[in-house]
Amino acid sequence: METTRRTTDEPARLGDPQTQRTFGRAKFLVAAYGALSAAVLAAVAVRALTGHPVTSFLWGRSAGVLASAAVTYWLTVLAARGARWAFLRVRLVSVVMPVAIVGVDLIPGVCPAWFALAQATCALAVGAAACVVNGPLLRAVFPRER
C-alpha cells in the first residue's frame, strides 16, 4: 500500500493532487470570506433602503472587506498556478485581515453589534484560510529562496 506522506528528501510539487486539493480548500475558504463579506454589504444596503441609520463607516468598511476578499481570492488563484509572490501575499493577508477586522470592530461605539458579529464571521473564514495556506504542505511548495 502506497503512502502519501512526504519525506524531507522529496520536495512538495505544485502539480501534486494533494497540493491542488489544499489550494482548493484555501480557495473555498477565501470564497466563503467573499460571500460573507458580500452578505454584510447587502445587509448594510438593505438597512439603508429601509430607513435605518447607516454610517459611512459601515459602507466603507463592508465595501473594503469585500474588496480585500476579491483581491485575496485572485492572489490565491495565482498562487495555485505557481506564483510565489502571490503565495507570500496570501499568507500575509490571510493572517492580517482577521486581526484587523476584529481589532477595529472591538473599538467601543465604532459599529453596532450586529455588524461586528457579521464581520467576525468573515474573519473566521479568512482565518481558516490562513491556517491552510500557512500549513507545511503549501509552504513546502514555495521554499524560501536563498
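These notebook entries record what I looked up in a predicted model of a protein.

**Entry 1: Overall make-up**

I began with the secondary structure of the predicted model. I found five helices and zero strands in the protein. Following the chain along its sequence, I wrote down the pattern α-α-α-α-α. I then looked up the extent of the C-alpha atoms, which fill a box of roughly 60 × 25 × 25 Å along the principal axes. I also looked up burial: of the 146 residues, 36% count as buried.

**Entry 2: Helix 1 against helix 2**

Before turning to the pairs, I noted how such packing is described. Two packed helices are characterised by the angle between their axes and by the distance between those axes. I took helix 1, residues 17-49, together with helix 2, residues 56-80. Their axes are 9 Å apart, and the packing angle is about 165°. Angles over 145 degrees count as roughly antiparallel, so helix 1 is roughly antiparallel to helix 2. I recorded the crossing of helix 1 and helix 2 as left-handed. Which classes of residue make up this contact? I entered 21 nonpolar, seven polar and one charged residues for the contact of helix 1 with helix 2.

**Entry 3: Helix 2 against helix 3**

I next examined helix 3, which comprises residues 84-105. The axes of helix 2 and helix 3 come within 9 Å and cross at roughly 160°. Helix 2 and helix 3 are therefore roughly antiparallel to each other. The crossing of helix 2 and helix 3 is left-handed.

**Entry 4: Ser-62**

I then selected one residue of helix 2, namely Ser-62. Is Ser-62 buried or exposed? I found a relative accessibility of 0%, so Ser-62 counts as buried. I looked for the polar contacts of its side chain. The side chain of Ser-62 reaches the backbone oxygen of Leu-58 at 2.6 Å. A polar atom of the Ser-62 side chain also lies 3.2 Å from the backbone oxygen of Trp-59.

**Entry 5: Arg-47**

I located Arg-47 in helix 1. With 27% relative accessibility, Arg-47 counts as partly exposed, because that class lies between under 20% and over 50%. I also looked up a separation between two residues. From C-alpha to C-alpha, Arg-47 and Phe-87 are 37 Å apart in space, and 40 residues separate them in sequence.

**Entry 6: Cysteines**

How many disulfides does the model contain? The count comes to zero disulfides. I checked Cys-111, which is in no disulfide; its nearest cysteine sulfur, that of Cys-122, is 12 Å away. A disulfide requires two cysteine sulfur atoms within 2.5 Å. Cys-111 has a relative accessibility of 15% and so counts as buried.

Why does Cys-131 not bond with Cys-122? The closest cysteine sulfur to that of Cys-131 is in Cys-122, 17 Å away, and this is too far for a bond. I noted that Cys-131 counts as exposed, because its relative accessibility is 61%. I closed the entry with the two burial classes side by side: Cys-111 is buried, whereas Cys-131 is exposed.

How values were computed: Residues numbered from 1 in each chain as written. Predicted model: local features only at pLDDT ≥ 70, side-chain atom pairs only at ≥ 80, totals over all residues. Heavy atoms only, no water. Buried < 20%, exposed > 50% of the residue type's maximum accessible area, 1.4 Å probe, protein only. Axes fitted to C-alpha atoms, helices over the stretch in contact; angles between N-to-C directions. Helix = DSSP H or I, 4+ residues; strand = E, 2+ residues; numbered from the N terminus. Parallel < 35°, antiparallel > 145°, perpendicular 65-115°, else oblique. Left-handed = near helix turned anticlockwise from the far one by under 90°. Nonpolar A, V, L, I, M, F, W, Y, C, P; charged D, E, K, R; others polar. Polar contact = N/O pair within 3.5 Å; in protein donor to acceptor, adjacent residues only side chain to side chain.
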